[in-house]
Every structure is written in structure tokens, then in C-alpha cells.
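The following paragraphs offer a guided reading of a single protein chain. Please keep the sequence and the coordinates at hand while reading.

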Amino acid sequence: MATDHKPEWSDPNQPDKCSSVVRKGLEHDDQSASIQKNIRFQKRRTLEPTVDDLYDGVLKGDRSLLARAITLVESNAEHHFQKAQQLLQKLLPKSGNAIRIGITGVPGAGKSTFIETFGMYLCSLGHRVAVLAIDPSSSLSGGSILGDKTRMEQLSRNPRAFIRPSPTAGKLGGVHRKTREAMLICEAAGFDVILIETVGVGQSEVIIRDMVDFFMLLVLTGAGDELQGMKKGIIELADAILVHKADGANKQAAEQTRKEYNRILHFLHPATKGWAPKAYTCSSLTKEGINDVWNVIQSFEENGKTSGVLNERRKTQAKEWLYSMITDQLQFHFFHNNGVKNALPTLEKEVIAGEKTVAKAVDTLFTIFLG
Ligand SMILES: Nc1nc2c(ncn2[C@@H]2O[C@H](COP(=O)(O)OP(=O)(O)OP(=O)(O)O)[C@@H](O)[C@H]2O)c(=O)[nH]1
Ligand SMILES: [Mg+2]
């Protein structure tokens, strides 16, 4: 045991005046062993897991490795890209077994609250739910979808659920590739319902439509104005329309709105062959109508599987994904080509000054790129 003694600079005649004591240190061997142990622990913590570690972890449903696998596919670093693709290639045969559901609606339509209530309901039925988000503003602001975890408080604590905020944009395919790949990883990890949220403000709903099986639009009452403002194109993408917040004083108006949407849907081209989209009312606060939404999705899935429409949809989506990845890769390699990078600023100036035609500038760049 260490014996304490006064430091040599204390006054030997007045030892009580000095309050410091010096403790005997640990033996050198003990100390080095404990430091070594600590270093090993630190290394283990910071060491990047291998593709095999991640693969095993994802299949076992290890949440920490699942999160790291998604971080890997979301990384903008080039060397991570290759590793991520190796992992995805291995996981691919284990994916595809979930129902993929897209949810859109104007800001404040209640998408996150709906996902919280709907997700909790699905978990209570024994499902495992993964929530992903595409935030169209993230490519501009670099932000993620409005701190959704705080709006999905119960769901984010539920062991049957996994919530991943929106990735930020970057090169190598951007936000949409990342969301698609995160979806595959979640499926391989055994989540059987994937919910993807996006704010309905433009292109993002078309992109989500192209990666999900079932797509729904959350709308609010006061449809008169809203219906006119809303593009017909967005309604035409939906497999169901939910008139949300159908509670309290709003309940009757919601019912009225539902009827109006049904009238409109009747005249529109359905998004999915063999499925007539309808409008429903529900409330995420009172939970009324939430189970009906799930019943609708289940019958959609049953229908689509029997008719083969769902299988066809996934094949088409895979094909479209292939082409969009090709475009992304071409764009990436083109703009990262050193010759192109060197020549572009001058050519840009010449085009702006009206000294060179756009076609000529592009031609020069491609000659450099291909040469
Ligand atoms: N009365 C009522 N209010 C609701 C319901 N669902 C959500 N809200 C409220 O609507 C507001 C917006 O809800 P969010 O879930 O954040 O809406 P969001 O569509 O995810 O919004 P963004 O992510 O900003 O696009 C919140 O104040 C919610 O409390 C509902 O079923 N009934
Ligand atoms: Mg939200």
C-alpha cells in the first residue's frame, strides 16, 4: 500500500504548516499495464469496423453497427464509397423484405407526428420500423430534417424502431442515393416497415415516389384553397390521401375535405396500376383512423403482390436507380478531372463574356476529359 509523506520542500520543523502530501506511485510495471490497456481500449473505440464486422453487426440487428453502416454510406469521403459499396453488395440479398412507405405533405401537415403515432402503433403490432427522411432543404442549408427525433420522442426510444435523420448532400449521388442505401441496410437489419418522410415542396416527392412501394400524401382541411394551390401532379403520385388532424372542432371539416379529394381522385390517373387511391381521415393526436391507414396499406401490398405490380415497380425502380447513379458518377468524375478543373474557369469566363459558344466550351471540356 502506498505510504503518504510530506514533500521534501515542506519545513521539517513545522510539518503541520504544509497541507500537501506525496503519495507513493504505482510500481512501473503496473502502471504500464494499465496505460497499455487504456490505449488498447481507445484504439478499439476509434478503429473503423471492417466490412465483415459491419455485415455481421447489421444482420444481428446491432444498433450501433447499423448506425455506423449507415454513416459509412452517408460519408462523402471517396475511400468510404468503395467500402460502403462492398458492404451493400454483401447485404443486397438480405434486403428487399420490407414494405416501403413514403410520406409527404406541406410543412406542418403533421408528418412527423403521424410517423410517431403510426410507428408506435406498428411496433405494438410486433413490426420493426425504420424511419428515414429526405430533407430537400438540406442540400442548401446543410441541415437535417428539423430535429425530427425530438418530434418522435416515444418512437425514438422504442427498441423496435430506428430513426435516422436526413443525410446532408454531397457528391457521389447525394441525398437520394444515401437514403436508398440506408433503406437497404435497414431491411437487411430486419426492419419490415420503412417510413420515409419528406416535406412536399417540389422535386423530393417525385424522388421518394421512385423509391417506395406505397406513397401517401398528408393534407389538411380547408381543401378549397389547398386543392387549387396543390399541383395535380402531386396528388397523382399518391396511393392514398390522408386528411390529417381530423380531431376536435376540425373533425367535420376533415370529413368534408375527404369527400372533396375523393371526387378529384376519381378523375385522376392512379399512381399504381390496379389500385384506386382514396382519401381517408385520421388524427395522430386521438389516434382515430390510424389502424385504418395500416389496413389500407396491407390490402395495397396484398393486391400488388398478387398482381405482380409491386414486383414490377421494384424492378423499374432498380433500373432507374442504375441510370441515375450513372449520371451521378459521370458528373462526379467529370468535375473532378484535373484537366476539366483547370480549363473550366477560363472557359466559363469566355462563355460569360460572349467570346465562346457554350457548345464549343463543352466540346473542349469533353475533349480534355476523354483524352
Ligand atoms: N390537432 C392535431 N394537431 C396535430 C396532429 N398531428 C400533428 N399536429 C400538430 O401539427 C404541428 C406540426 O406537426 P409536425 O408533425 O411537426 O408536422 P410536419 O409535417 O412533420 O412538419 P415539418 O417537418 O415542419 O414539415 C405540431 O404542432 C403538431 O402538434 C393531429 O393529428 N391533430
Ligand atoms: Mg417533420
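A convenient place to enter this predicted model is Val293, which, once residues up to four places away in sequence are set aside, touches Phe118, Leu242, Tyr280 and Cys282. Val293 belongs to helix 14. Where does Val293 stand between buried and exposed? It has 19 other C-beta atoms within 10 Å and is therefore partly exposed, since the buried class begins at 20. Its contact with Leu242 joins parts of the chain 51 residues apart, and the C-alpha atoms of the two residues are separated by 8.3 Å.

Val293 also takes part in the packing of two helices. Two packed helices are described by the angle between their axes and the distance between the axes. For helix 5 (residues 111-124) and helix 14 (residues 290-307), the axes come within 10 Å and cross at roughly 70°. The two helices are therefore roughly perpendicular to each other, because angles of 65 to 115 degrees are placed in that class. The crossing of helix 5 and helix 14 is right-handed. On the side of helix 5, the residues that meet helix 14 are Thr117, Phe118, Tyr121 and Leu122; their counterparts in helix 14 are Ile290, Asn291, Val293 and Trp294.

The approach to helix 14 along the chain also deserves attention. Lys287 is situated in the loop between strand 7 (278-281) and helix 14. Although Lys287 is not a glycine, it has a positive phi of about 70°. Lys287 counts as partly exposed, because it has 14 C-beta neighbours inside 10 Å.

Another loop lysine invites a parallel reading. Lys245 lies between strand 6 (240-243) and helix 13, in the loop that links them. Its phi is positive, at about 60°, and this residue is not a glycine either. How many C-beta neighbours does Lys245 have inside 10 Å? There are 25, and Lys245 therefore counts as buried.

Helix 13 (residues 251-267) itself contains Thr257. This threonine is buried, because 25 other C-beta atoms lie within 10 Å. Thr257 and Tyr280 are 23 residues apart in sequence, and their C-alpha atoms are 9.4 Å apart in space. Tyr280 has appeared already, as one of the residues touched by Val293.

From here the reader may turn to the nonpolar interior. In soluble globular proteins, nonpolar side chains tend to be buried together. The largest nonpolar core of this model has 68 residues, and Ile185, Ile194, Met216 and Ile241 are those with the most contacts inside it. Helix 9 (residues 174-188) gives the most to this core, with 7 residues. At least three residues of the core come from each of domain 1 (37-94) and domain 2 (96-307).

Ile185 shows in detail what such a core residue meets. Leaving aside neighbours within four places in sequence, Ile185 is in contact with Val58, Leu66, Ala69, Ile70, Val73 and Leu91.

Thr179 is likewise found in helix 9. Is Thr179 buried or exposed? It is buried, because 25 other C-beta atoms lie within 10 Å. Beyond residues up to four places away in sequence, Thr179 touches Leu132, Ile134, Pro167 and Ile196. Thr179 and Glu74 are 105 residues apart along the chain, yet their C-alpha atoms are separated by 8.3 Å.

Several contacts of Ile185, including Val58, Leu66 and Ala69, lead to a second helix pair. The axes of helix 2 (residues 51-60) and helix 3 (residues 63-74) come within 8 Å and cross at roughly 125°. Helix 2 and helix 3 are therefore oblique to each other. Helix 2 passes helix 3 in a left-handed crossing. In this packing, Asp53, Leu54, Gly57 and Val58 in helix 2 meet Leu65, Leu66, Arg68, Ala69 and Leu72 in helix 3.

These local views can be placed within the whole chain. The protein has 17 helices and 7 strands. Of its 371 residues, 31% are buried. Among contacts with a separation of 6 or more, 68% are between residues 24 or more positions apart.

Conventions
Residues are numbered from 1 along each chain as its sequence is written. Chains are lettered from A and ligands numbered from 1 in the order in which they are written. This is a predicted model: local features need pLDDT of at least 70, side-chain atom pairs count only at pLDDT 80 or more; totals for chains, interfaces and linings use all residues. A nonpolar core is a set of buried Ala, Val, Leu, Ile, Met, Phe, Trp, Tyr and Cys residues joined through C-beta atoms within 7 Å. A residue is buried if 20 or more other C-beta atoms lie within 10 Å of its own, exposed if 12 or fewer, and partly exposed in between; C-beta atoms are placed from the backbone. Helices (H or I, at least four residues) and strands (E, at least two) are DSSP runs, numbered from the N terminus. Domain bounds come from an automatic or database domain assignment. Two residues are in contact if their C-beta atoms, placed from the backbone, lie within 7 Å. Axes are lines fitted to C-alpha atoms, for helices over the stretch in contact, and angles run from 0 to 180 degrees between N-to-C directions. Angles under 35 degrees count as roughly parallel, over 145 as roughly antiparallel, 65 to 115 as roughly perpendicular and the rest as oblique. A crossing is left-handed if the near helix is turned anticlockwise from the far one by less than a right angle, and right-handed if clockwise.
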